[in-house]
Amino acid sequence: MTHDPRLIFAAGLLGNLVSFCCFLAPVPTFYRVCKKKTTEGFQSLPYVAALFTSMLWIFYAYIKTGEILLITINAFGCFIETVYLVIYITYCPKKARYFTLKMIFLFNVGVIFLVILLTHVLAKERTARIELLGWICVVLSTSVFAAPLSIIKVVIRTKSVEFMPITLSLLLTVSAIMWMAYGILLRDIYVTLPNFVGVTFGTIQIVLYLIYRKNKPVKDEKVPEQKDDVTNNDENANTTASDGSGLVDIELGEKKEEKHVEKIEKKQEQVVNARDQTQLNNNSNKTREGTQLRVTT
């Protein structure tokens, strides 16, 4: 395969564009958080992990040199994930705030410092440093692809795709394809490997969607248990996936969460309406009693 700089740049540029959209996927959620001034119980760990891996890929690109396309998208990733975390810390409960700050200092300060230290201590030459850091990036980026296994399990068990937004699955798959092509053209195994895994899982999700897209949710005793799994693992924790340039926050259970919030709001409205109606009836009864009393008098 020819080492064509134009093809490499085109693949990297397309990867940047698609990954940019993926990084912006949680914006509606954080808009709702700002509007309601509550985090609604979802977790911050995926955003901490996303910031961590973006920082790691920037360090890898810096050590390798010349990887401007990896630096640009991950620099944006660091910025947007920092914004998400600031919003989360502002509106989350005190216990969650303490946990989030602890995770930030542990991963984004402690572990990053440890990786930098080990890279310079264990590997004296630049080539050895690239290899060591590259495999660290591969292991961390590949491990996050275990996250979609939970949603795949739910889809197969319920024979329904209501918990798997196809748009986000397609977006992640396209992103992984672009970065895998970038890695192949650049002959960089450390970028290629995690995105090959990403393409595999993305393809599985798309195939499952095509198989079960017309099916209605199966209502049996096992479904509620799986719904809880999806709510806890995918909505609240916000599933993360690697695009080869770092982690991207993807909320596979976003639609379900919105439905749940809408149901709560409707119930609250019904309670308020019922209370107002009761009060109105009481006032009417008092009025009638007063009128009858005056007539009797």
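# Exercises on a predicted helical model

Helix α8 has 21 residues, and from its first C-alpha to its last it reaches 30 Å, close to the 30 Å expected at 1.5 Å a residue. The model used in these exercises is predicted, so to speak our shared worksheet. Let's work through it together.

## Exercise 1: The overall layout

Find how many helices and strands the protein chain has, and in what order the elements run.

**Solution.** Start with the count: the protein chain has 11 helices and two strands. Next, read from the N terminus on; the order is α-α-α-α-α-α-α-α-α-α-β-β-α. Finish with burial: of the 297 residues of the protein chain, 44% count as buried.

## Exercise 2: The two sides of helix α2

Work out which residues of α2 are buried, and how they are arranged around its axis.

**Solution.** Step one is to locate α2 at residues 27-36 and pick out its buried members, T29, F30, R32 and V33. Step two is to look down the axis of α2: the buried residues fall within an arc of 155°, so they line one face of the helix. Step three is to turn to the face directed away from that buried side, where the exposed residues Y31 and K35 sit. After α2 comes K37, with a positive phi near 60°.

## Exercise 3: The nonpolar cores

Identify the residues that touch the most other members of the largest nonpolar core, and the elements that contribute to this core.

**Solution.** The largest nonpolar core holds 43 residues, and those touching the most other members are F30, L56, Y60, L70, L133 and Y182. Two or more residues each come from α1 (5-23), α2, α3 (45-64), α4 (68-91), α5 (94-122), α6 (126-143), α8 (166-186) and α9 (189-212). The largest share, 11 residues, is given by α4. There is also a second, separate core of eight residues, and I151, I152, V155 and V161 are among them. As background, nonpolar side chains tend to be buried together in soluble globular proteins.

F30 links this exercise to the previous one: F30 is buried in α2, and F30 is also one of the core residues with the most contacts to other members.

## Exercise 4: How α3 meets α4

Describe the packing of α3 and α4 by distance, angle and handedness.

**Solution.** First take the distance and angle: the axes of α3 and α4 come within 9 Å and cross at roughly 155°. Angles over 145 degrees count as roughly antiparallel, and that makes α3 roughly antiparallel to α4. Then add the handedness: the crossing of α3 and α4 is left-handed.

## Exercise 5: Positive phi in two loops

For T65 and R187, say where each is found and whether it is exposed or partly exposed.

**Solution.** Keep in mind that most residues other than glycine have a negative phi. T65 has a positive phi near 70° and is found in the loop between α3 and α4. With 46% relative accessibility, T65 counts as partly exposed. R187 follows α8 and has a positive phi near 60°; its place is the loop between α8 and α9. The relative accessible area of R187 is 57%, so R187 is exposed.

## Exercise 6: A pair far apart along the chain

Determine what separates the C-alpha atoms of L193 and T142, and where L193 is placed.

**Solution.** Begin with L193, which is in helix α9. L193 has a relative accessible area of 32% and is partly exposed. Now bring in T142: L193 and T142 are 51 residues apart along the chain, while their C-alpha atoms are separated by 7.8 Å.

Key: Residues are numbered from 1 along each chain as its sequence is written. This is a predicted model: local features need pLDDT of at least 70, side-chain atom pairs count only at pLDDT 80 or more; totals for chains, interfaces and linings use all residues. Side-chain values use heavy atoms; hydrogens and water are left out. Buried means under 20% relative accessible area, exposed over 50%, partly exposed in between (1.4 Å probe, protein chains only). Helices (H or I, at least four residues) and strands (E, at least two) are DSSP runs, numbered from the N terminus. The arc is that of the directions from the helix axis to the C-beta atoms. A nonpolar core is a set of buried Ala, Val, Leu, Ile, Met, Phe, Trp, Tyr and Cys residues joined through side-chain atoms within 4.5 Å. The expected span of a helix is 1.5 Å times one less than its number of residues. Axes are lines fitted to C-alpha atoms, for helices over the stretch in contact, and angles run from 0 to 180 degrees between N-to-C directions. Angles under 35 degrees count as roughly parallel, over 145 as roughly antiparallel, 65 to 115 as roughly perpendicular and the rest as oblique. A crossing is left-handed if the near helix is turned anticlockwise from the far one by less than a right angle, and right-handed if clockwise.
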